[in-house]
Amino acid sequence: MAYWMKINYERREYVVNFERVSAFCYEQNGRITFWLPDSAIPIIINPQTNQQDYQKILEYVEQFTQPELARNHWVKIYYERNEYLINLNCISSFCYEPANGRITFWLPDGIIPIIINPASNPASYEKVLSYIRNTTGYSLVE
């Protein structure tokens, strides 16, 4: 089911199907970044200059951060001082490094690699491993 939202950004109006957005990034200064589906174009919403759209996005994203939805395919990862909320169903490849246990994957609508390890993101790391095992039938960690 599509969830369309109208966003004002840089003097343009976008109508975006948020069901197709693969990741959201919360920065320390409060900004939210997401990438337009099928594009590497980032949309950066600042709460000070675009409170209405910022609030709509927060309400949409909130549904994926509830503890009772822990089994869903969204994962929260802290990476490079930002918090990412990522739809694992949109990720098309994962790279595992046995020497240090790191897992790398790339956001589909951006060029950003996400690297997680069991020490810095233990809950998210386990959720990614479980997702890979349940979705692909492959286990990265033996």
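Helices and strands are here DSSP runs, a helix having at least four residues and a strand at least two, numbered from the N terminus. In this predicted model, the order of such elements along the sequence reads β-β-β-β-β-α-β-β-β-β-β-α. The chain thus contains ten strands and two helices.

The overall dimensions of the chain may be considered next. For 142 residues, a compact globule would be expected to have a radius of gyration near 14 Å, and the value of 16 Å for this chain agrees with that expectation. The C-alpha trace spans about 50 × 30 × 30 Å along its principal axes. Of the contacts with a separation of 6 or more, 41% are accounted for by residues 24 or more positions apart. Buried residues make up 43% of the 142 residues. The accessible surface of the chain comes to about 8500 Å², and carbon and sulfur atoms hold 51% of this surface. As for charge, 12 side chains are positive and 15 are negative, with the centres of the two sets 2 Å apart.

The interior is best approached through its nonpolar cores. The largest nonpolar core has 21 residues, and the members that touch the most other members are I7, F18, F24, F34, I43, I45 and I57. At least two residues of this core come from each of strand 1 (4–9), strand 2 (12–17), strand 3 (23–26), strand 4 (32–35), strand 5 (42–45) and helix 1 (51–62). Helix 1 gives the most to this core, supplying four residues. The surroundings of F18 illustrate the packing: leaving aside residues up to four places away in sequence, F18 touches Y3, M5, I7, F24, F34, I57 and Y60. A second core, separate from the one just described, comprises 20 residues, among them I77, I91, V128 and Y131.

Individual residues add detail to this picture. N87 is located in strand 7 (residues 82–87). With a relative accessibility of 6%, N87 counts as buried, because buried means under 20% relative accessible area. Residues up to four places away in sequence aside, N87 touches S22, H73 and W74. N87 and P42 are separated by 45 residues in sequence, and their C-alpha atoms are 16 Å apart in space.

A123, by contrast, is an exposed residue, with a relative accessible area of 64%. A123 belongs to helix 2 (residues 122–136). From C-alpha to C-alpha, A123 and K76 are 9.0 Å apart in space, although 47 residues apart in sequence.

Backbone geometry draws attention to two glutamates. Most residues other than glycine have a negative phi. E10, although not a glycine, has a positive phi of about 50°. E10 is found in the loop between strand 1 and strand 2, and a relative accessible area of 60% makes E10 exposed. E80 likewise has a positive phi of about 50° and is not a glycine. The position of E80 is in the loop between strand 6 (74–79) and strand 7. E80 is exposed, with a relative accessible area of 59%.

Notes: Residues numbered from 1 in each chain as written. Predicted model: local features only at pLDDT ≥ 70, side-chain atom pairs only at ≥ 80, totals over all residues. Heavy atoms only, no water. Core = buried A, V, L, I, M, F, W, Y, C linked by side-chain atoms within 4.5 Å. Buried < 20%, exposed > 50% of the residue type's maximum accessible area, 1.4 Å probe, protein only. Contact = heavy atoms within 4.5 Å. Rg over C-alpha atoms; globule rule 2.2 N^0.38 Å. Areas by Shrake-Rupley, 256 points an atom, 1.4 Å probe, with all protein chains shown as cover. Lys, Arg positive; Asp, Glu negative; His and termini not counted. Charge placed at Lys NZ, Arg CZ, Asp CG, Glu CD.
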